[in-house]
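Colleague: Could you take me closely through the loops of this chain and the cysteines, and relate them to the packing of the whole? I would like each statement tied to a residue that I can find for myself.

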Amino acid sequence: MAFVIGDSCISCGTCAAGCPVGAISEGDGQFVIDADTCISCGACAGSCPVGAIEEA
């Protein structure tokens, strides 16, 4: 199951830098995860400084 980035995202980009498959990109006001590319590894959730990423 893919992960999603919630409204508490501060657009720091830490998650995108840590994603091994490049599934995270900058969206309109916050980063977003492409569910089709996400491999559900959880690297992004572990790197988020504000805990904005959860399993969908």
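Modeller: Ser40 is placed in the loop between strand 3 and helix 2, the latter covering residues 43–47, and what I say about it, as about everything else here, describes a predicted model. The phi angle of Ser40 is near 60 degrees, which is a positive value in a residue other than glycine. With a relative accessible area of 27%, Ser40 is partly exposed, because that value falls between the 20% under which a residue counts as buried and the 50% over which it counts as exposed.

A second positive phi belongs to Ser11, where the angle is about 55 degrees although the residue is not a glycine. Ser11 sits in the loop between strand 1 and helix 1, and its relative accessibility of 28% makes it partly exposed.

The loop that holds Ser11 also holds Cys9, since Cys9 too lies between strand 1 and helix 1. Cys9, however, counts as buried, at 16% relative accessibility. Leaving out residues up to four places away in sequence, Cys9 touches Gln30, Phe31 and Ala52. Although 41 residues separate Cys9 from Val50 in sequence, their C-alpha atoms are 7.1 Å apart in space.

Gln30 leads us to another loop, the one between strand 2 (24–26) and strand 3 (31–33). Gln30 is buried, its relative accessible area being 16%. Setting aside neighbours within four places in sequence, the residues in contact with Gln30 are Ile5, Gly6, Asp7, Cys9 and Ser11, so that Ser11, one of the two serines described above, appears in this list as well. A polar atom of the Gln30 side chain lies 3.4 Å from the backbone oxygen of Gly6, and this distance is within the 3.5 Å allowed for a polar contact.

Val21 may be set beside these residues, and its loop is the one between helix 1 (14–18) and strand 2. At 36% relative accessibility Val21 counts as partly exposed. Not counting residues up to four places away in sequence, Val21 touches Thr37 and Ile39. Val21 and Val4 are 17 residues apart in sequence, and their C-alpha atoms are 15 Å apart in space.

As for the cysteines, what keeps the sulfur of Cys9 from being counted in a bond? The closest cysteine sulfur, that of Cys15, is 6.1 Å away from the sulfur of Cys9, which is too far for a bond. The sulfur of Cys44 likewise has its closest cysteine sulfur, in Cys38, at 6.1 Å, again too far for a bond. The cut-off that matters for this step is 2.5 Å between the two sulfur atoms, and by that rule the count comes to zero disulfides.

Cys44 is buried, with a relative accessible area of 7%. Beyond residues up to four places away in sequence, Cys44 touches Phe3, Cys15, Ile24, Ile33 and Ile53. The largest nonpolar core has 15 residues, and those with the most contacts inside it are Ile5, Cys15, Ile24, Ile33, Cys44 and Ile53. Strand 1 (3–5) and strand 3 are the elements that give two or more residues to this core. Of general relevance is the tendency of nonpolar side chains to be buried together in soluble globular proteins.

Turning to the chain as a whole, the protein has two helices and four strands, and from the N terminus on its elements run β-α-β-β-α-β. Its radius of gyration is 9 Å, close to the 10 Å that the globule rule gives for 56 residues, so the chain is as compact as a globular protein of that length. The C-alpha trace spans about 25 × 20 × 20 Å along its principal axes, and buried residues make up 30% of the 56 residues. The accessible surface comes to about 3200 Å², with 49% of it belonging to carbon and sulfur atoms. Among contacts between residues at least 6 apart in sequence, 56% join residues at least 24 apart.

Definitions and conventions. Residues are numbered from 1 along each chain as its sequence is written. This is a predicted model: local features need pLDDT of at least 70, side-chain atom pairs count only at pLDDT 80 or more; totals for chains, interfaces and linings use all residues. Side-chain values use heavy atoms; hydrogens and water are left out. The radius of gyration is taken over C-alpha atoms; the globule rule is 2.2 Å times the number of residues to the power 0.38. Buried means under 20% relative accessible area, exposed over 50%, partly exposed in between (1.4 Å probe, protein chains only). Contact means heavy atoms within 4.5 Å. Accessible areas come from the Shrake-Rupley method with a 1.4 Å probe; for residues, only the protein chains shown count as cover. A polar contact is a pair of N or O atoms within 3.5 Å; within protein, one must be able to donate a hydrogen and the other to accept it, and residues adjacent in sequence count only if both atoms are side-chain atoms. A nonpolar core is a set of buried Ala, Val, Leu, Ile, Met, Phe, Trp, Tyr and Cys residues joined through side-chain atoms within 4.5 Å.
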